[in-house]
Structures are given as C-alpha cells and as structure tokens.
Amino acid sequence: MQEPFVGSTRLRLAGLALHAYTASGTVLALLIVIAAIDGDAVRALWLGLAALVIDGTDGMLARRLRVKETIPWFDGAMLDNIVDYLTYAFAPIVLLWTGDYLPNGAWGAVLAALPLLASSYQFCRVDAKTDDHFFLGFPSYWNVVAFYVVVLSLSPFTTGVILVVCSVLVFIPVKYVYPSRTKAFRTMNLITTAIWLASYAVLLTQMPDPNAIVVAVSLAYLLYYGVLSLYLTFWVPRRKVA
C-alpha cells in the first residue's frame with residue numbers, strides 16, 4: 001500500500017503562505033468597496049486587477065506545491081470560492097451601485113441583487129467547474145462587467161440590460177473556457193488572456209479618455225473567449241459524435 005504524500009515542513013509552510021496569498025483577496029475586496037464608496041472607480045478597478053492576478057496564479061501554485069496533500073485539513077477550494085464571490089461579484093456590484101452606474105430607485109436595487117443571487121447559486125453548484133476544466137454557465141465575471149461599464153461609460157440602461165442577460169446566462173449550461181486550465185487551445189488562451197490583462201492596465205492609465213485601439217484589442221479578447229466557449233460547447237462534441 002502506497003504511503004500518503006506528506007512533504008517537508010518547508011513545503012507545508014509554503015502551502016500555508018499560498019493560502020494566505022489567496023486569502024489576501026478578501027482584503028482587496030474590502031479595499032475595492034472602500035474605493036467605490038470614496039467615488040474612485042479607477043482605484044477600485046486597479047485593485048480588481050490585483051485580485052485577478054492573484055486568482056489567476058494561486059491555483060497553479062497550489063497544484064505545484066501539492067497543498068491538498070501537504071495540508072489536507074484545509075479546504076483551499078472553499079477559500080477560493082469565498083474570495084472569488086467577494087472580488088468577482090459582491091465588490092464589483094457595490095462599485096456599480098455607489099458609482100450611479102445603475103438606474104435609480106427600486107429598479108436599480110433589483111438589478112444589483114440579480115447578479116448576487118445568480119452567483120450565490122453558481123458558487124454552490126458542485127459542477128460549476130467541470131471535470132474537463134470549464135466553467136458551467138456564465139462564470140460570474142461581474143468584475144469584468146464593471147470594468148467595461150466604467151471604462152466605456154455605459155449608461156445605466158445598458159448596464160442593467162447586461163446584468164440581466166449575464167444573470168440569465170449563469171443558468172444556461174454553456175461551457176466557458178477556464179483560461180489557465182482548459183486543455184483545448186491552452187497556449188493561445190494564456191497568451192490572449194495575458195494581452196487582455198495588459199490592455200486592462202493600459203486602459204486604466206488612460207482614463208478618463210481610453211484609446212480606441214486599446215479598447216478594440218480588449219473587446220476582441222471577449223469576442224475570442226465567447227466564440228471559443230460556444231465552439232467547444234456545441235461544435236466539438238457534435239463532431240466527435242459524427
């Protein structure tokens with residue numbers, strides 16, 4: 001019988017440090033909310049970018065450090081979900097609400113509640129991340145929605161329509177690409193995601209007058225991501241059956 005992997009003390013300490021790295025996202029969520037209340041949307045989005053970088057790297061590091069085996073008593077996946085809900089859903093919606101990017105009154109409150117409720121459902125689904133490394137249903141990228149609402153100065157009506165559509169998409173079983181883990185086109189996914197993150201930073205430095213070319217590059221990534229997700233969900237399985 002093979003002995004379970006335990007690892008060195010140094011490896012376990014590295015794993016604990018990694019969990020702290022992931023948990024720092026909760027602090028970033030708080031700082032995003034504070035920036036939103038202060039009326040500084042650009043600062044909030046810079047903090048959101050930091051949260052994206054942490055979320056995009058902690059999983060890879062966790063697998064390399066084998067934290068599930070060295071620290072089996074700590075649920076890193078649950079921590080990741082808590083952090084993601086705060087940074088991807090709760091804080092961005094606070095930003096939209098406090099920045100007057102939503103309609104006034106009851107309608108605005110309803111529109112703010114929809115993504116929070118939809119994401120609460122999604123984060124509790126055991127199949128939200130599929131065995132072949134996709135997100136099932138719109139993966140609660142409300143931070144990305146908030147980014148474009150601010151950068152493109154979208155109207156409250158347009159923002160409301162986007163929130164409703166994306167909330168509905170949470171419940172539709174399209175398999176969305178998990179950029180760092182989906183095997184299909186993985187190299188291209190990593191390259192294009194890196195370009196998108198760079199364009200995110202460049203656009204923030206250009207606020208309040210973002211360059212149209214950089215905006216187009218940024219939006220091109222969304223088109224690539226959406227088309228590839230639909231292709232891998234519907235076209236590839238059909239070809240395999242045929």
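This is a short tour of two cavities and two helix contacts in a predicted model.

**Stop 1: the largest cavity**

Rolling a probe the size of a water molecule over the atoms shows where empty space is left. Here, a search of the whole structure turns up 2 cavities of 30 Å³ or more. Start with the largest, which holds about 60 Å³ of space. Select Ile32, Ala44, Leu45, Gly48, Thr87, Pro92, Leu95, Asn143, Ala146 and Tyr200, and you've got its lining. Now color three helices: α2 (41-65), α4 (76-98) and α6 (142-151) each give at least two residues to that lining. What classes of residue line the largest cavity? You'll find 7 nonpolar, 3 polar and no charged.

**Stop 2: the second largest cavity**

Next up is the second largest cavity, with about 50 Å³ of space. For its lining, pick Thr22, Gly25, Ala51, Ile54, Asp55, Asp58, Asp80, Val83, Asp84 and Thr87. Two or more of the lining residues come from each of α1 (9-37), α2 and α4. This lining divides into 3 nonpolar, 3 polar and 4 charged residues; the largest cavity, remember, has no charged residues in its lining. Keep an eye on Thr87: it sits in the lining of the largest cavity and also in the lining of the second largest.

**Stop 3: α2 against α8**

Time for some helix packing. Two packed helices are described by the angle between their axes and the distance between the axes. Show α2 together with helix α8 (residues 186-206): they pack at an angle of about 160°, with axes 10 Å apart. Angles over 145 degrees count as roughly antiparallel, so α2 is roughly antiparallel to α8. Their crossing is left-handed.

To see the contact itself, select Val42, Leu45, Trp46, Gly48, Leu49 and Leu52 in α2, then Trp196, Leu197, Tyr200, Ala201, Leu204 and Thr205 in α8. That set comes to 10 nonpolar, 2 polar and no charged residues. Some names may ring a bell: Leu45, Gly48 and Tyr200 are among the residues lining the largest cavity.

**Stop 4: α6 against α8**

Keep α8 on screen and bring in α6. How far apart are the axes of α6 and α8? They lie 11 Å apart, and the packing angle is about 35°. This crossing is left-handed too. On the α6 side, select Val144, Phe147, Tyr148 and Val151; they meet Trp196, Tyr200, Leu203 and Leu204 in α8. By class, this contact has 8 nonpolar, no polar and no charged residues.

For a last look, click Tyr200: it meets α2, meets α6 and lines the largest cavity.

Technical notes. Residues numbered from 1 in each chain as written. Predicted model: local features only at pLDDT ≥ 70, side-chain atom pairs only at ≥ 80, totals over all residues. Heavy atoms only, no water. 1 Å grid on protein atoms, 1.4 Å probe; cavity = no way out; pocket = protein on both sides within 12 Å on 5 of 7 lines; lining within 4 Å. Points joined across faces, edges and corners; volume = space filled by probe spheres on them. Helix = DSSP H or I, 4+ residues; strand = E, 2+ residues; numbered from the N terminus. Nonpolar A, V, L, I, M, F, W, Y, C, P; charged D, E, K, R; others polar. Axes fitted to C-alpha atoms, helices over the stretch in contact; angles between N-to-C directions. Parallel < 35°, antiparallel > 145°, perpendicular 65-115°, else oblique. Left-handed = near helix turned anticlockwise from the far one by under 90°. Contact = heavy atoms within 4.5 Å.
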